[in-house]
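Thanks for making the time this morning. Please have a look at the sequence and the coordinates, and then I will take you through a handful of places in the chain.

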Amino acid sequence: MGAALTEEQILAALSELPGWTLEGGEIVLERAFETYADGVLFANGAAALAEAMDHHPELAIGYRRVRVALSTHSAGGVTELDLEFARRLGSLGR
């Protein structure tokens, strides 16, 4: 699991993760897609990654958009595991 990172550490890491922001104690990615089905495919890829890493984000699927929010509840904030998930998710749906 790891310890919660400081805001400074999180923001430094996010500078290398395009599209991710820090919002209310979690890191968030909102992606737009050409079609609803494309968004669902991306969300399915995120779900498969979550299962493989045993780390599960909040996923919200809307019309042609998907929102991914990550934090480690047991650590009380964003950890290196959340950042690793964000790095791995980066190439899905592109």
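I will go through a hairpin, a surface patch, a loop residue and a helix residue in turn.

Please keep in mind throughout that what you are looking at is a predicted model.

Let me begin with the hairpin, where strand E1, covering residues 20-23, and strand E2, covering residues 26-32, pair in the antiparallel sense over four bridges. Within that pairing, Trp20 is found opposite Leu29 of E2, and at the turn, where two residues sit between the strands, Gly24 adopts a positive phi near 55 degrees.

Turning to the surface, Tyr36, Ile61 and Tyr63 make up a nonpolar patch, and together they have about 360 Å² of accessible area. Of these residues, Tyr63 belongs to the loop between strand E3 (58-62) and E4, and it counts as exposed because its relative accessibility, 62%, is over the 50% cut-off.

The next loop residue is Thr72, which is located between strand E4 (65-70) and helix H3 (80-89). Is Thr72 buried or exposed? Its relative accessible area is 6%, which is under 20%, so Thr72 is classed as buried. The side chain of Thr72 also has a polar contact of 2.8 Å with the side chain of Asp82.

Finally, Leu11 is part of helix H1, residues 7-14, and with a relative accessible area of 42% Leu11 is partly exposed. If you would like a distance to check in your viewer, the C-alpha atoms of Leu11 and Val40 are 28 Å apart, with 29 residues separating the two along the chain.

Definitions and conventions. Residues are numbered from 1 along each chain as its sequence is written. This is a predicted model: local features need pLDDT of at least 70, side-chain atom pairs count only at pLDDT 80 or more; totals for chains, interfaces and linings use all residues. Side-chain values use heavy atoms; hydrogens and water are left out. Buried means under 20% relative accessible area, exposed over 50%, partly exposed in between (1.4 Å probe, protein chains only). A polar contact is a pair of N or O atoms within 3.5 Å; within protein, one must be able to donate a hydrogen and the other to accept it, and residues adjacent in sequence count only if both atoms are side-chain atoms. Two strands pair if DSSP finds at least two bridges between them. Patches are made of residues with over 30% relative accessible area and no salt bridge: like charges are joined within 9 Å, nonpolar side chains (Val, Leu, Ile, Met, Phe, Trp, Tyr) within 5 Å. Accessible areas come from the Shrake-Rupley method with a 1.4 Å probe; for residues, only the protein chains shown count as cover. A salt bridge is a side-chain nitrogen of Lys or Arg within 4 Å of a carboxyl oxygen of Asp or Glu.
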